[in-house]
Amino acid sequence: MAAETFAYNLMSGARGAAPPSPESPESWTPYFTFIDPPGKGAGGVPDEKAFRDWHSHVRPGRKPSDQAKSVLMGKSCSDLLVGDARRLVGMMKEFQNEHPRIFKQRFGEVDLLAGGPPCQSFSLAGKRQKDHPRNRLFESFVSIAELVRPKVVLFENVLGITRHFVDEAGDEWHPWHEVCRAFKKAGYLPIPSLVNASDFGVPQSRPRFIIVAIAEEIALQFEKLSLTRGGLAEALLRARTRYDKPSDDRSLIFRVENDFEKGLWPSPLFPFPTTREEGDKVTVRSAIQDLLAIEKGELFVQGTYSTALSGQLKCPRGIPSTRIPTNHGLRKHGPKTRARFRLLRTLAEADFWAKSMREVSRRSEEAINLLVGKALLVPTPDGDYVERKRATVYEVVKLIEDLASAKNVQKRLNPDKPAGAQLSIPDDSIHWEVDRVLTIREMARIQSFPDWFEFRSKETTGGSARAYEVPQYTQVGNAVPPLLALTFGKSILSILRKLRHVD
């Protein structure tokens with residue numbers, strides 16, 4: 001599903017008359033190739049629905065792995081491989097052993113390897129599982145760096161990777177440090193950092209762990225040409241002298257709030273934050289206010305923020321422009337859900353910013369006092385909900401009891417601040433003005449996707465399908481904010497250009 005979205009937006013011709021579609025696997029052939037046929041999804045859950053006509057995608061007499069090898073060797077019409085990174089590493093090693101000269105031609109001059117191995121098991125919002133198989137996928141990422149030897153590696157992950165695990169024996173495991181050690185062992189100098197997307201023009205408070213790792217030989221060239229100074233020189237020194245033994249010395253992680261003003265921020269390799277001050281932050285209102293016009297049937301005029309995004313993240317050639325953004329379908333909510341959203345929104349308007357109904361229940365007396373006399377959707381004896389212009393004490397008490405929920409996070413957005421970190425579950429955030437969750441386009445704006453970028457496949461999923469399906473809401477929520485990626489990309493490109501210019 002994610003590959004379909006990637007191809008549709010970023011590969012030439014995919015937005016033609018017959019774009020790739022999950023219902024037509026043969027339509028994928030010009031755009032992406034599967035490393036292996038699908039079997040089971042994440043966690044070993046059978047993926048009964050995926051790629052039901054798989055064999056029609058494979059040319060007669062050819063194995064999927066043979067097709068993937070053709071891509072690696074540059075003999076295929078597609079350029080995008082989809083599948084398990086661990087399998088990819090094995091295939092690349094085979095390719096290197098069997099055809100060393102061709103391998104060097106294909107991968108001998110790579111400037112940047114960028115990626116973010118799956119992070120759900122590190123995430124503080126998910127289950128903290130030390131021994132989850134996904135926790136070792138970074139090793140495959142490092143292995144690809146060893147094989148390809150890019151000048152620079154960009155590694156992105158969640159804040160939770162900096163928090164240690166304790167196993168049943170009481171031993172600690174520090175994920176971020178293990179990743180840095182792996183890069184160091186592979187011949188790279190890792191520079192770990194904690195950044196917040198809101199410091200770089202993204203309307204979202206999204207803390208992220210980012211490593212920029214430089215090949216040792218490239219770092220030496222930087223230093224010989226005096227391209228390092230201040231914070232970057234200090235960062236390279238730390239990388240050379242640390243990470244040889246297990247540790248959790250978090251002072252090695254660079255932070256904007258601690259190191260920027262001290263002159264220790266590792267620029268020019270790392271970008272300067274552009275919206276550090278609270279008054280400079282891009283707010284939710286400025287990001288998505290213009291989209292309300294579509295819902296109200298008014299003339300849509302693209303706002304300043306989205307216009308700027310389209311200028312910074314330019315649309316590839318061949319994609320037709322559209323006046324009305326896509327992916328803006330409104331979710332349908334039942335009466336009880338709308339009643340809950342109305343209650344949380346009303347409380348927020350009274351400056352009671354509840355994170356969920358659980359907090360409302362804990363602070364029920366305060367909540368009741370604020371809700372009495374307000375316009376709410378209140379329960380009826382037959383189980384329905386009706387509009388009440390001025391709710392009574394009894395109705396408010398009954399409403400809070402009826403709307404009780406075990407959900408940890410469900411809150412109304414503050415329009416005058418950046419949003420909280422966007423997750424892949426749509427009903428974590430409530431619109432500040434209307435009683436509904438955000439649309440995919442609104443979430444995409446908050447993640448800093450330009451309006452021309454269209455998300456594909458089904459909108460959402462549930463149940464056991466969550467283990468293997470990647471619908472639109474998940475694609476948006478799990479993405480790296482493009483604007484954040486752009487700022488890092490520009491900084492890396494700038495210093496590599498200086499190196500290339502001297503060469």
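Two strands are taken to pair if DSSP finds at least two bridges between them. Helices (H or I, at least four residues) and strands (E, at least two) are themselves DSSP runs, numbered from the N terminus. By these rules, strand β7 is joined to strand β9 (residues 254-255) by 2 bridges, and the two run parallel.

The structure is a predicted model, in which local features need pLDDT of at least 70 and side-chain atom pairs count only at pLDDT 80 or more, whereas totals for chains, interfaces and linings use all residues. Residues are numbered from 1 along each chain as its sequence is written, and side-chain values use heavy atoms, with hydrogens and water left out.

## Overall composition

The secondary structure of the protein chain comprises 19 helices and 13 strands. Of its 503 residues, 49% are buried, where buried means under 20% relative accessible area, exposed means over 50%, and partly exposed lies in between (1.4 Å probe, protein chains only). Contact is defined by heavy atoms within 4.5 Å. Among contacts between residues at least 6 apart in sequence, 67% join residues at least 24 apart.

## The sheet around β7

An open sheet is formed by 5 strands in the order β3-β4-β8-β7-β9, with mixed pairing. The edges are occupied by β3 and β9, each having a single partner strand, so one side of each is left without a neighbour in the sheet.

Strand β7 pairs with strand β8 (residues 207-215) in the antiparallel sense over 9 bridges. Within β8, R208 is the bridge partner of V195; within β9, F254 is the bridge partner of S193. Because 9 of the 9 residues of β7 are buried, the strand is largely enclosed by the rest of the structure. In a regular strand the side chains alternate between the two faces of the sheet. In β7, Y188, P190, P192, L194 and N196 are buried on one side, and L189, I191, S193 and V195 are buried on the other.

## Helix α5 and its surroundings

Helix α5 (residues 137-148) has 12 residues, which at 1.5 Å a residue should span 16 Å; its end C-alpha atoms are 17 Å apart, in agreement with that value. The expected span is 1.5 Å times one less than the number of residues. The helix is mostly covered, with 10 of its 12 residues buried, including F138, F141, I144 and V148. The elements that cover these buried residues include helices α3 (85-98), α4 (100-107) and α6 (175-185), together with strands β3 (112-115), β4 (152-158) and β7 (188-196).

## Nonpolar cores

A nonpolar core is a set of buried Ala, Val, Leu, Ile, Met, Phe, Trp, Tyr and Cys residues joined through side-chain atoms within 4.5 Å. The largest such core has 117 residues, of which M92, F155, F183, I191, L269, L343 and V360 touch the most other members. Apart from it lies another core of 9 residues, among them M11, Y31, F32 and L80. Neighbours within four places in sequence aside, F155 is in contact with residues including F138, F141, F183 and I211.

## Backbone features and individual residues

Two residues other than glycine with positive phi are listed below.

| Residue | Phi | Location | Relative accessibility |
|---|---|---|---|
| R149 | about 55° | loop between α5 and β4 | 29%, partly exposed |
| D351 | about 70° | loop between α13 (335-349) and α14 (357-362) | 60%, exposed |

A cis peptide bond, with omega of about 5°, joins S267 and P268. P268 is located in the loop between α9 (256-259) and α10 (284-288).

L10 lies in helix α1 (residues 2-10) and, at 44% relative accessibility, counts as partly exposed. Residues up to four places away in sequence not being counted, L10 touches P316 and W452. L10 and R317 are 307 residues apart in sequence but 9.5 Å apart in space, C-alpha to C-alpha.

T439 is placed in the loop between β13 (429-430) and α17 (440-446) and counts as buried at 1% relative accessibility. Beyond residues up to four places away in sequence, T439 touches N327, H328, G329, L330 and Y473.
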